[in-house]
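Student: Hey, got a minute to go through a structure with me? I'd like to start with the overall picture and then pick one part.

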Amino acid sequence: MRWALVKVSLAVTAMVVVAFAVPLGLVIREMARDRAFSNAEREAAAVAPALSITTDREQLERVVAAAGSDTGMAVHIPAPGDGSGDATDIGRQRATDEDIAAVREMGRASTTEVGGGSTLLQPVALSSGEIAVVEVYVPESAVTNGVGTAWAVLAAVGAALIVGSVAVADRLGVRMVQPARRLVDGAHELGEGRLGARVPEEGPDELRRAAVAFNSMADQVVQLLANERELAADLSHRLRTPLTVLRLNAASLGDGPAAEQTRAAVEQLEREVDTIIRTARDAKPQTAAAGPSAGCDAAEVVRERMGFWSALAEDEGRKWRVAGADRPVRIPVARADLAASLDALLGNVFRHTAEGTAFAVDLHNGEDAVIVLVSDAGAGIADPEAAMARGRGSGTDGSTGLGLDIVRRMAESTGGDVRIGASVLGGTEVRIWIQLDGRTAPARRGHRGAVRRRGQGRTQARAKTQTRTSAPSPAVRAGRDH
């Protein structure tokens, strides 16, 4: 497209230059010719008064020398009609006798071609009634004086116009081609699975509309995949949570063939679910990060999920506590992602700690980050690094590693991170740092330590007043069937 525009511009500009420059050059040439012959007529007119007064040769020679020394003027005076004298010729004659006689007979000026130029033959009436002819030589150099320079100027202007039009056409072509190329590159990237590919909405109106349509299509694709991912995450935690309840209930069945078969079936079902989850995680597309308008109320999600797990905590005699969820806390995380993360961590508490072990969820809202602390009073984790490694996909039999992986991906999508340490309850504390301003985690570590210490102080202070045993309402008990 770019070279096509350049070629079209070159052809059109060249035709315009030729259409205007050639006639203008011819006009300039005619103007130079007219100027030369106008000068010759003035010189001939300067001799006419002297001829009307006298025909003396000496006087006329002085007049001719003064008026036409540069152009080569000649005066042809015919012989008197009474035969009293001869014809007189002053100056160099270039025109033929026939041309001079024709002018004398017609009585009007005429031009004729001679060697090296042209001559102007101007008839002048004498006092005797005879017709003299004044001949003024106009050389070719006088006729073409300035024409070459004018043609050179016209050629330079025409070339400048052609170069300028080609440059403008090239810039316009680039302005049209670059958006088209970006659109093509964006389509290739989207086709290769890079769903974050977007096209700048700039350029000509048609390409701008195409870019808007492309970006809208890409957003819809990302939204569809995000909805699919959200559905898969919701399905996974809906499956794992009842499985945890079944496993805990199966453990209380005692001994016997039926109890062993039930426990074996639950373990088999857990392995099958783990396999499905691993497969879904490996095939998960890399969608774009959530926009600034996406997010949820973390406090509401914490209250909802704790309402569900409180029913199971009552059955096992676990004390539990929630802090910091009494007012809205907006975070740039999808509701389903935060719910899946909380379910994964709380499920680990029920899975890896003994019955009766207390646990707590604390929510701390800072200026640039939100911290979610999930802690328990269990035996703790001997090797936190190995636990995080399982979260990065090195899960073994009976553990998909998806729990910590869901939490880690959710936190890192905001620029935050996940850390495992010792809790104030004596067991494990999983700290989820959710960044609010999108800055990377390493740059905020010093500030995080202060927020963490401040959050632990708040946790200890609230532990005295908010620690309570679960007393779920009928609505909360209904969460068992969730």
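Student: What share of the contacts in the protein with a separation of 6 or more comes from residues 24 or more positions apart?

Tutor: That share is 66%. Keep in mind that this is a predicted model.

Student: Ok. How many of the residues count as buried?

Tutor: The protein has 482 residues, and 38% of them count as buried. As for the surface, about 25600 Å² is accessible, with 56% of that belonging to carbon and sulfur atoms.

Student: And how many helices and strands are there?

Tutor: 13 helices and 13 strands.

Student: Let's switch to the open sheet of 5 strands. What's the strand order?

Tutor: S2-S1-S5-S4-S3, with antiparallel pairing. Strand S2 (88–90) and strand S3 (110–114) are the edge strands, each pairing on one side only.

Student: How much are neighbouring strands turned against each other?

Tutor: By 20° on average, if you ignore direction.

Student: Back to the S2 edge. How many bridges join S1 to S2?

Tutor: Strand S1, residues 73–77, is joined to S2 by 3 bridges, and the two run antiparallel. In that pair, Val-75 of the protein stands opposite Ile-90 in S2.

Student: Which helix packs on the sheet, and what does it touch?

Tutor: Helix H3, residues 97–106. The strands H3 touches are S1, S3, strand S4 (117–125) and strand S5 (131–139).

Student: What angle does the direction of H3 make with that of S5?

Tutor: About 125°.

Terms used
Residues are numbered from 1 along each chain as its sequence is written. This is a predicted model: local features need pLDDT of at least 70, side-chain atom pairs count only at pLDDT 80 or more; totals for chains, interfaces and linings use all residues. Side-chain values use heavy atoms; hydrogens and water are left out. Helices (H or I, at least four residues) and strands (E, at least two) are DSSP runs, numbered from the N terminus. Buried means under 20% relative accessible area, exposed over 50%, partly exposed in between (1.4 Å probe, protein chains only). Contact means heavy atoms within 4.5 Å. Accessible areas come from the Shrake-Rupley method with a 1.4 Å probe; for residues, only the protein chains shown count as cover. Two strands pair if DSSP finds at least two bridges between them. Axes are lines fitted to C-alpha atoms, for helices over the stretch in contact, and angles run from 0 to 180 degrees between N-to-C directions.
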